[in-house]
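Thanks for coming, everyone. Let me put the chain up on the screen. Then we will walk through how it packs.

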Amino acid sequence: FISCLDSCLDVLHIVWLKTKNAQPTEAETAVWNQVSAVLEEAHGILAELQSYNGAGQEIREAIQNPNDLQLQEKAWNAVCPLVAKLKRFYEFSLRLENALRSLLEALTSPPYAPMQHLEREQALAKQFAEILHFTLSFDELKMTNPAIQNDFSYYRRTISRNRLNNQQLEAENEVNNEMANRMSLFYAEATPMLKTLSNATTKFVSENKTLPIEDTTDCLSTMACVCRVMLETPEYRCRFTNTDTMLFCMRVMVGVIILYDHVHPVGAFAKTSKIDMKGCIKVLKEQPSNSVEGLLNALRYTTRHLNDDSTSKQIRALLQ
């Protein structure tokens, strides 16, 4: 792999760092169109999440004054549109899952090796990177916004209380009990979008038993390696035009590491892993802590094998 890395870096520079627009070939068009529609919606989802302020004040006033029906109604009217928004986020995660599956099928299908796929299907590889960038961005925003859990918990308590009192609420048509249960599981995760993609990748591997698992894990480890080399090599890093591009590359790297760790039998942290975890963590820790703490937390809390006996004490210490 290392021998062909230098010859492929310029190609992959286009893919990962978005300095040029990789256009889909005719063979890629169907998948590219499907994923493009999802990615187009992703921008709006991030903007909505970024501006999500919650109904904390209204909820506090309602809880402090349980007999004031006016305040109860005010809190309910504040929470319902927010829950409808949370429902849209959850439903989008299902579309993102389908898009990822389509990309995995395209980027791991025989007879090509992972590096060949990344060279041949640059437009799809770029979309894969953009999905990971969105996923890490969404989860970082979610982790730093307790209002999401508070709003949804208040909504569910109110629904339960009114159901016991035999009161019918229109909002139940929007988010019925079954949907509320699924949403509750989704938002209980520290990184819900990443969990969705990890489960989807694991499911993809288990359902495609004729496809060697290495076809998937090698694709992920190749992407991780390229991102790491870009970030730690001055001659490549100097091509970054701004900090957003650097953050994009770091999010993609962390995203593929986590997917690899969920899919590979021994994970990303073992000595036999094809990912240089020490190098990847070191690259992250060299950046300002405020820009990478969410990414380091994702490695700490959403990987499967960090605490395995096969993980060296040195790597564990790096993530402390």
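I will start with the overall picture and then go helix by helix.

First, a caution: this is a predicted model. The chain has 16 helices and 0 strands. It runs to 320 residues, and 53% of them count as buried. Now take the contacts between residues at least 6 apart in sequence. Of these, 77% join residues at least 24 apart.

Let's begin with helix α4, residues 69–108. How does its span compare with what 40 residues should give? At 1.5 Å a residue, α4 should span 58 Å, and its end C-alpha atoms are 58 Å apart, so the two agree. Look at the start of α4. There, a side-chain oxygen of Asp 68 comes to within 3.0 Å of the backbone nitrogen of Gln 70.

Two residues in α4 deserve a stop. One is Ser 93, which lies in this helix. Is Ser 93 buried or exposed? Its relative accessibility is 1%, and the cut-off for buried is under 20%, so Ser 93 counts as buried. Set aside neighbours within four places in sequence. Ser 93 then contacts Phe 186, Met 193 and Thr 196.

The other is Leu 96, also placed in α4. Leu 96 is buried, with a relative accessible area of 1%. Which residues touch it, leaving aside neighbours within four places in sequence? Leu 96 is in contact with Val 38, Ile 131, Phe 134, Thr 135, Met 193 and Leu 197. Take Leu 197 from that list. Leu 96 and Leu 197 sit 101 residues apart along the chain, yet their C-alpha atoms are separated by 8.0 Å. Met 193 is on the contact list of Ser 93 and on that of Leu 96.

Next, helix pairs. Two packed helices are described by the angle between their axes and the distance between the axes. We have two pairs to look at, and α15 is in both.

Pair one is α6, residues 122–143, with α15, residues 289–301. They pack at about 95°, and their axes are 10 Å apart. That makes α6 roughly perpendicular to α15. Which residues meet? From α6 we have Leu 136, Glu 140 and Met 143; from α15, Gly 294, Leu 295 and Ala 298. By class, that contact has 4 nonpolar, 1 polar and 1 charged residues.

Let's zoom in on the α6 side. Leu 136 is found in α6. It is buried, with a relative accessible area of 3%. Beyond its neighbours within four places, Leu 136 contacts Leu 194, Arg 251, Val 254, Gly 255, Leu 295 and Ala 298. Leu 194 is 58 residues from Leu 136 in sequence, but 7.0 Å away C-alpha to C-alpha.

Glu 140 is in α6 too. Why does Glu 140 count as buried? Its relative accessibility is 17%, and buried means under 20%, so Glu 140 falls inside the cut-off. Not counting residues up to four places away, Glu 140 touches Arg 251, Gly 294 and Leu 295. Arg 251 also appears among the contacts of Leu 136.

Pair two is α13, residues 243–263, with α15. The angle here is about 5°, and the axes are 10 Å apart. That makes α13 roughly parallel to α15. On the α13 side, the contact is made by Leu 247, Met 250, Arg 251, Val 254, Ile 257 and Ile 258. On the α15 side we find Ser 291, Val 292, Leu 295, Ala 298 and Leu 299. These residues divide into 9 nonpolar, 1 polar and 1 charged. Leu 295 and Ala 298 serve this contact and also the one with α6.

Now helix α14, residues 277–285. Its buried residues are Met 277, Gly 279, Cys 280, Ile 281, Val 283 and Leu 284. What covers them? The cover includes α11, α13, α15 and α16.

Take Ile 281 in α14. Ile 281 is buried, at 0% relative accessible area. Outside four places in sequence, it touches Leu 299, Ile 315, Leu 318 and Leu 319. Ile 281 and Leu 318 are 37 residues apart in sequence and 7.1 Å apart, C-alpha to C-alpha.

Last, α11. It has 20 residues and reaches 29 Å from first C-alpha to last, close to the 28 Å expected. Helix α11 is mostly covered, with 16 of its 20 residues buried.

That's the tour. Over to you for discussion.

Notes. Residues numbered from 1 in each chain as written. Predicted model: local features only at pLDDT ≥ 70, side-chain atom pairs only at ≥ 80, totals over all residues. Heavy atoms only, no water. Axes fitted to C-alpha atoms, helices over the stretch in contact; angles between N-to-C directions. Helix = DSSP H or I, 4+ residues; strand = E, 2+ residues; numbered from the N terminus. Parallel < 35°, antiparallel > 145°, perpendicular 65-115°, else oblique. Contact = heavy atoms within 4.5 Å. Nonpolar A, V, L, I, M, F, W, Y, C, P; charged D, E, K, R; others polar. Expected span 1.5 Å × (residues − 1). Polar contact = N/O pair within 3.5 Å; in protein donor to acceptor, adjacent residues only side chain to side chain. Buried < 20%, exposed > 50% of the residue type's maximum accessible area, 1.4 Å probe, protein only.
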